[in-house]
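Q: I am new to this structure and would like to understand the reasoning behind the words used to describe it. Could we go through it step by step?

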Amino acid sequence: AEVQEYWLSWVQEAIDAGADGIELRMRNHRSPFGWAEYGFEPPVRDEFIRRYGVDLWVTDEFDKAAWRRLRGEAYTKFYRKARALTRRHGKALGLHISASMNMEPEQGAAMDIHWDWRTWLDEGLADSVTMKEVWPGTRFGQEVLDRARGIPAVFCPYANNLWARPQGTQVVA
């Protein structure tokens, strides 16, 4: 809860500074090896014990998919709060979806979190979606567009390296 409130304060600061909207990008340019250090904080541990009877601080033998889902639920709660905050101020909220988020909890995904982008789009939590590393015309790209139900979608040309490819602008169009 404290981390969510901290990040919501950043959203509020951007709104107060006059931002036209907010775009949440959960990924960053950091080594993925650091991700393994996160997700064992007391709130996560306590909830995992409550739900599954397993103490993450005592054993490495636990249901990783359940742990990833639990962490993803927390992010989705944050995203809902961010959406409510931007709506109260009449601001748009965008989200980023990347190829490394298109994995089921059993497989693992970026940052070892279940990124429930389907729920975010199905619940109408976004006013726009930026697709990073998602190639136009792929099954994944089409599924995102279908779920986006007409909200603006952007293929990020830099993350997809489209400008370096022949006919990159035509592919995006």
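A: A good place to begin is Trp115, which, once its neighbours within four places in sequence are left aside, is in contact with Met26, Tyr75, Met101, Ala109, Ala110 and Trp120. The model is a predicted one, and every statement here is to be read in that light.

Q: What makes these residues count as contacts of Trp115?
A: A contact requires heavy atoms within 4.5 Å, and Met26, Tyr75, Met101, Ala109, Ala110 and Trp120 are in contact with Trp115 in this sense.

Q: Which residues touch the most other members of the largest nonpolar core?
A: They are Leu24, Tyr79, Trp115 and Trp120, in a core of 32 residues. Helix α1 (2–16), strand β1 (21–24), helix α3 (64–88), β2, α4, β3 and α5 each supply at least two residues of this core, and α3 gives the most, with five residues. Apart from this core lies another, of seven residues, including Val44, Leu56, Phe62 and Ala66.

Q: What is the order of helices and strands along the protein chain?
A: The chain has seven helices and four strands, and, read along the sequence, they follow the pattern α-β-α-α-β-α-β-α-β-α-α.

Q: Why is strand β3 described as mostly covered?
A: A residue is called buried when its relative accessible area is under 20%, and in β3, which spans residues 128–132, five of five residues are buried. The covering concerns both faces, since Ser128, Thr130 and Lys132 are buried on one side and Val129 and Met131 on the other. In a regular strand the side chains alternate between the two faces of the sheet. For the protein chain as a whole, 41% of the 173 residues count as buried.

Q: How do you know that β2 and β3 pair?
A: Pairing requires at least two bridges between two strands, and strand β2 (residues 92–98) is joined to β3 over five bridges, in the parallel sense; the pairing is therefore established by that criterion. Within it, Ile97 stands opposite Met131 of β3.

Q: How do you know that β3 and β4 pair?
A: Strand β4 (residues 153–155) and β3 share three bridges in the parallel sense, where at least two are required. Here the bridge partner of Met131 in β4 is Phe155.

Q: What makes the unit of β2, α4 and β3 right-handed?
A: The term applies when, with the strands pointing away from the viewer, the path from the first strand over the helix to the second runs clockwise. The β-α-β unit formed by β2, helix α4 (residues 117–122) and β3 is right-handed in this sense, and so is the unit made by β3, helix α5 (residues 139–148) and β4.

Q: Why is the meeting of Arg51 and Glu73 called a salt bridge?
A: The limit between a side-chain nitrogen of Lys or Arg and a carboxyl oxygen of Asp or Glu is 4 Å, and the side chains of Arg51 and Glu73 meet at 2.6 Å, N to O, so the pair qualifies. Arg51 lies in helix α2 (residues 42–52) and Glu73 in helix α3, so this salt bridge ties together parts that are 22 residues apart in sequence.

Q: Why are Arg51 and Glu73 called partly exposed?
A: Buried means under 20% and exposed means over 50%, with partly exposed in between. Arg51 has a relative accessible area of 32% and Glu73 has 33%, so both values fall in the middle class.

Q: What makes Asp127 and Arg83 a salt bridge, and which of the two is buried?
A: Their closest N and O atoms are 2.8 Å apart, which is within the 4 Å limit. Asp127 lies in the loop between α4 and β3 and Arg83 in helix α3, so the pair ties together parts that are 44 residues apart in sequence. Asp127, at 27%, counts as partly exposed, whereas Arg83, at 6%, is buried.

Q: How many salt bridges does the structure hold?
A: It holds 15 salt bridges. Some of them share partners and join Glu104, Arg118, Asp122, Arg139, Glu143, Arg147 and Arg149 into one network.

Definitions and conventions:
Residues numbered from 1 in each chain as written. Predicted model: local features only at pLDDT ≥ 70, side-chain atom pairs only at ≥ 80, totals over all residues. Heavy atoms only, no water. Buried < 20%, exposed > 50% of the residue type's maximum accessible area, 1.4 Å probe, protein only. Core = buried A, V, L, I, M, F, W, Y, C linked by side-chain atoms within 4.5 Å.
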